[in-house]
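Thanks for coming, everyone. Let me put the structure up, and then we'll walk through it piece by piece.

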Amino acid sequence: MAMTEASREVGVVVRRRAVDNPWIDHVWSPAMVLDEVPATAPWTVLSTEADATMYYAGAASIDLFSSDTANYRDNLADGEPRIWVALRRQAGGSELELTKITADPTEGEAIFESGCDVIGTVPMSPEIAAWIAAFVDEFHVERVFHKRKRDRAGGERQPGPKDRGPDEGTGRA
C-alpha cells in the first residue's frame with residue numbers, strides 16, 4: 001500500500017517573556033499556530049506588553065502521513081488536541097529558527113529529546129483539527145496486533161538456574 005501524504009501551511013506565533021533570573025533575562029515559548037499564513041514578514045512584532053512580546057515566527061508546514069493516522073486519531077481523541085512546535089538558536093546567536101511543527105504526539109515527544117532550544121505545545125484550532133480528522137477518516141487502516149509465538153530452538157528446553165538444586169552448578173559438594 002502506498003503512503004499518502006498531505007501538507008498544510010500555517011503561521012506560528014511565539015512569545016518572548018522577561019524573567020527574573022540571574023543567568024537569563026528572557027524565555028521563549030510557542031504561543032499559537034494560525035490556521036493560515038499571514039502576509040507578514042517573519043519575526044514581526046505582533047504585540048508588546050510590560051513583560052512579554054509576541055512575534056510572528058514565520059510559516060511552517062504540518063505534514064500528515066497515512067502511516068501515522070493512529071497517532072493523529074489519539075491526539076484528536078485526547079479532548080485537547082495539541083500541535084508541537086520546535087525552534088533552535090541560529091549559530092549560537094539569539095535569533096531563533098522555526099525547525100518543526102507536528103500534530104503527531106509520538107513525533108512531538110521525540111522532539112523533546114532532539115536538542116532544540118525552544119519546544120512546546122499549543123492548542124490545535126478547530127479548523128486544523130477538522131482537516132486532520134478528515135485525513136484520518138479517509139486513510140486510517142486499523143492494524144491488528146499479532147503476538148509472535150516464541151520459537152524454541154532444539155525442541156527440548158534446557159534447564160536453567162531455577163531448575164537446579166541448591167548445590168547443582170555452583171561447584172560446591
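Start at a turn. A hairpin links strand 3 to strand 4, and three residues make the connection. This is a predicted model, so please keep that in mind throughout. The two strands of the hairpin run antiparallel, and four bridges pair them. One pair to look for: Ser 47 sits opposite Met 54 of strand 4.

Now stay with strand 4. Is it mostly covered or mostly open? Mostly covered. Ten of its 14 residues are buried.

Strand 4 has another partner. Strand 1, residues 5-18, is joined to strand 4, residues 52-65, by 13 bridges. The direction is antiparallel. Let me give you two pairs. Arg 8 has Ile 62 of strand 4 as its bridge partner. Glu 9 is matched with Ser 61, also in strand 4.

Strand 1 also pairs with strand 2. Here we have eight bridges, with strand 2 covering residues 26-34. Again the two run antiparallel. Val 12 is a good place to look: its bridge partner in strand 2 is Val 33.

Move along to the loop between strand 2 and strand 3. Trp 43 is in that loop. Its phi is positive, about 65°, although Trp 43 is not a glycine. Trp 43 counts as partly exposed, at a relative accessible area of 30%.

Next, the charged pairs. How many salt bridges does the structure hold? Four.

Take Glu 36 and Arg 8. Their side chains meet in a salt bridge, 3.8 Å from N to O. Why is this pair worth a stop? Glu 36 belongs to the loop between strand 2 and strand 3, while Arg 8 is in strand 1, so the salt bridge ties together parts 28 residues apart in sequence. Now compare the two ends. Glu 36 is exposed, at 51% relative accessible area. Arg 8 is buried, at 14%. And there is a third member here. Arg 8, Glu 36 and Glu 127 are linked in a network of salt bridges.

Another salt bridge brings Lys 100 and Glu 107 together, at 3.1 Å from N to O. Lys 100 is partly exposed, with 29% relative accessibility. Glu 107 is partly exposed too, at 28%.

Then Asp 74 and Arg 73. Their side chains form a salt bridge at 3.9 Å, N to O. Asp 74 is partly exposed, with a relative accessible area of 45%. For Arg 73 the figure is 31%, and that also counts as partly exposed.

That brings us to helix 1. Helix 1 spans residues 69-77. Which of its residues are buried? Thr 69, Asn 71, Tyr 72 and Asn 75. Look down the helix axis and the buried residues fall within an arc of 160°, so they line one face of helix 1. And what covers them? The cover includes strand 4, strand 5, helix 2 at 105-111 and helix 3 at 126-139. So strand 4, where we began, comes back here as part of the cover for helix 1.

Just past helix 1, have a look at Gly 79. Its phi is positive, about 95°.

Last stop, another sheet. Three strands form an open sheet, in the order 6-5-7. The pairing is antiparallel. Which strands are at the edges? Strand 6, residues 96-102, and strand 7, residues 118-123. Each of those pairs on one side only. From one strand to the next, the twist averages 25°.

Inside that sheet, strand 5 covers residues 82-89, and six bridges join it to strand 7. Those two run antiparallel. For a pair to find on screen, try Ala 86, which stands opposite Ile 119 of strand 7.

Quick recap before we stop. Strand 1 pairs with strand 4 and with strand 2. Arg 8 and Glu 36 join Glu 127 in a salt-bridge network. Helix 1 has its buried residues along one face. And the open sheet runs in the order 6-5-7.

That's my tour. Happy to take questions.

Key:
Residues are numbered from 1 along each chain as its sequence is written. This is a predicted model: local features need pLDDT of at least 70, side-chain atom pairs count only at pLDDT 80 or more; totals for chains, interfaces and linings use all residues. Side-chain values use heavy atoms; hydrogens and water are left out. Two strands pair if DSSP finds at least two bridges between them. Axes are lines fitted to C-alpha atoms, for helices over the stretch in contact, and angles run from 0 to 180 degrees between N-to-C directions. Buried means under 20% relative accessible area, exposed over 50%, partly exposed in between (1.4 Å probe, protein chains only). The arc is that of the directions from the helix axis to the C-beta atoms. Contact means heavy atoms within 4.5 Å.
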